[in-house]
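Biologist: I'm new to this one and would rather get to know a single part well than skim the lot. Please pick a helix, and show me what it rests on and what else turns up around there.

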Amino acid sequence: MDALIDETSSGLGRVVTCVAPVNIAVVKYWGKTNEDLIIPLNDSISLTLSTEHLRARTTIKTIPQSNDITFELNGVTEKLTKRLSRAIQLCREEAVRQNTATQEVVSAGLTIISDNNFPTAAGLASSAAGFACLVCALQHLYGIQGDVSAIVRQGSGSACRSVFGGFVRWAKGHREDGNDSIARQLFPASHWPELRVLIVVVSDHKKETSSTKGMQTTVETSDLLKFRTEVVVPKRCEDMERAIEKRDFPSFAELTMRDSNQFHATCLDTYPPIFYLNSTSQEILMLCHDYNQKKGAATVAYSFDAGANAFLFTLNKSVPEICGLLQARFGVTDFKGDPVSDFCLHEEHGSSISGSKTKDVVKYVIVTKVESYSRCSNSLKVLLVSPLLKYSWTSLGR
Ligand code: DP6
């Protein structure tokens, strides 16, 4: 569906609101060949999560007769970073190149207001959703046509995967200008509807080492990263694509856990080392292995980004038992997101954990799934508010 823009406003004094999803990589991006253009050392594969429970939202208003750009995040006025300015600049250039907006429109001032409904910079991919959202809103403001993932990428690398719903692969590309370093959808969410994601929020503190800084030091100092990007990841991406294609959960789970572990191993191989996992993360990780062993097959998988929170993957039928396990082990009572009926924990799986309950280290769990849009592979939603106060939810791109 096309976005509704009120043409009576002549492009000035417009307001665009956009919502964008978070994505979680199951084959991780860590390291760049070009810091300015944000070109990654390796391909990565991710799942885009439902905006029902996790989303960034950005409203952009144009201010005619002004050049000022202001930016507010979660109610606090923030500095306009180099990356933010660059994303705005790239969108303006693209609009002029495509002749979709006049010079008057692209040079008008902007008020940008963003918020996330989840902790910012705590390893929940807030920058990914945030940049995807910003560029989506600018795309609509300026009427830019076509794929914007290469512009989004230059805001924050992993953000380019949030442009699409379902299962997404970001190709590193081969060109020096980065123009072929773009994301594409591998499969829509409907390809594997049983898949569920449980986000175990361990910490909502801001992480100590940003991804940008962390991966820079890893590139400079880690020997393991070279082996990972040149030898391990190319094959793992192919294996992961095949596992998703065949909906082969045990293979998907093993590849996901191995990749998360190797990413954190490269962090440890960085000099000085970087630790994103804490003791609770490690406890969750081993709980998954214990549980899988008792089940006799990989039933749950974990993945950790640059933070202590765990992303658990499982199939719909196992959600009540996994929630029961988290409740028994960590005393979690706050389950947000999709409702889970009848938590249960079979005696045989609960026996080994009942004596080792660790309380108050898990804040809450969000039960969610892969973003599904039947009509459109593009995962960005636009809520456009025209000067005449028309409201409409639309999807981009089709
Ligand atoms: C661990 O995309 O945040 O989440 O490109 O410098 O902005 P920049 O880094 P960013 O890195 C994300 C790293 C990761 C893995 C992943 O999402 O693939």
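Modeller: Here is a close look at one helix, the sheets beside it, and then the ligand.

The structure is a predicted model, so local features need pLDDT of at least 70 and side-chain atom pairs count only at pLDDT 80 or more, while totals for chains, interfaces and linings use all residues. Residues are numbered from 1 along each chain as its sequence is written, and side-chain values use heavy atoms, with hydrogens and water left out.

Let's take helix α7, residues 249–269. (Helices are DSSP runs of H or I with at least four residues, strands are runs of E with at least two, and both are numbered from the N terminus.) On one sheet, α7 lies across β12 (195–201), β13 and β14, at about 25° to β13. On another, α7 lies across β2 and β5 (44–48), and here the angle to β2 is about 95°. Lying across rests on contact, meaning heavy atoms within 4.5 Å; angles run from 0 to 180 degrees between N-to-C directions of axes fitted to C-alpha atoms, for helices over the stretch in contact.

Start with the sheet that holds β13. Five strands make up this open, mixed sheet, in the order β13-β14-β12-β16-β15. (Strands pair if DSSP finds at least two bridges between them.) At its edges are β13 (300–303) and β15 (335–337), each pairing on one side only. On average, neighbouring strands are turned by 25° against each other, ignoring direction. Look at the β13 edge: four bridges tie β13 to β14 (residues 310–315), and the two run antiparallel. One spot to click on is Tyr302, whose bridge partner in β14 is Leu312. This sheet also meets helix α9 (residues 319–330), which lies across β12, β13, β14, β15 and β16 (364–369) at about 15° to β12.

Now for the sheet with β2 and β5. Four strands line up as β2-β5-β10-β11 in an open, antiparallel sheet. β2 (23–27) and β11 (183–187) each have a single partner strand, so one side of each has no neighbour in the sheet. Here the average turn between neighbouring strands is 35°, direction ignored. Four bridges connect β10 (residues 167–170) with the antiparallel β11, and Trp170 stands opposite Ala183 of β11.

Follow the chain out of α7 and you reach the loop towards α8 (279–295), where Pro272 sits. The bond between Tyr271 and Pro272 is a cis peptide, with omega about -5°. Elsewhere, Ile38 has a positive phi of about 55° without being a glycine; look for Ile38 in the loop between β3 (32–34) and β4 (39–40). Most residues other than glycine have a negative phi, and most peptide bonds are trans.

Last stop, the ligand. It is surrounded by 18 residues, the closest being Tyr29, Arg83, Ser156, Ser158 and Arg161; to count, a residue needs a heavy atom within 4 Å. Seven of the shell residues are nonpolar, six polar and five charged. Helix α5 (residues 211–221) supplies the largest share, three residues. Side-chain N or O atoms come within 2.5 Å of a ligand oxygen at Tyr29 and 2.7 Å at Lys32, and a polar side-chain atom of Arg83 is 2.6 Å from a ligand oxygen.

Notes. A polar contact is a pair of N or O atoms within 3.5 Å; within protein, one must be able to donate a hydrogen and the other to accept it, and residues adjacent in sequence count only if both atoms are side-chain atoms. Ala, Val, Leu, Ile, Met, Phe, Trp, Tyr, Cys and Pro count as nonpolar, Asp, Glu, Lys and Arg as charged, and the others, Gly among them, as polar.
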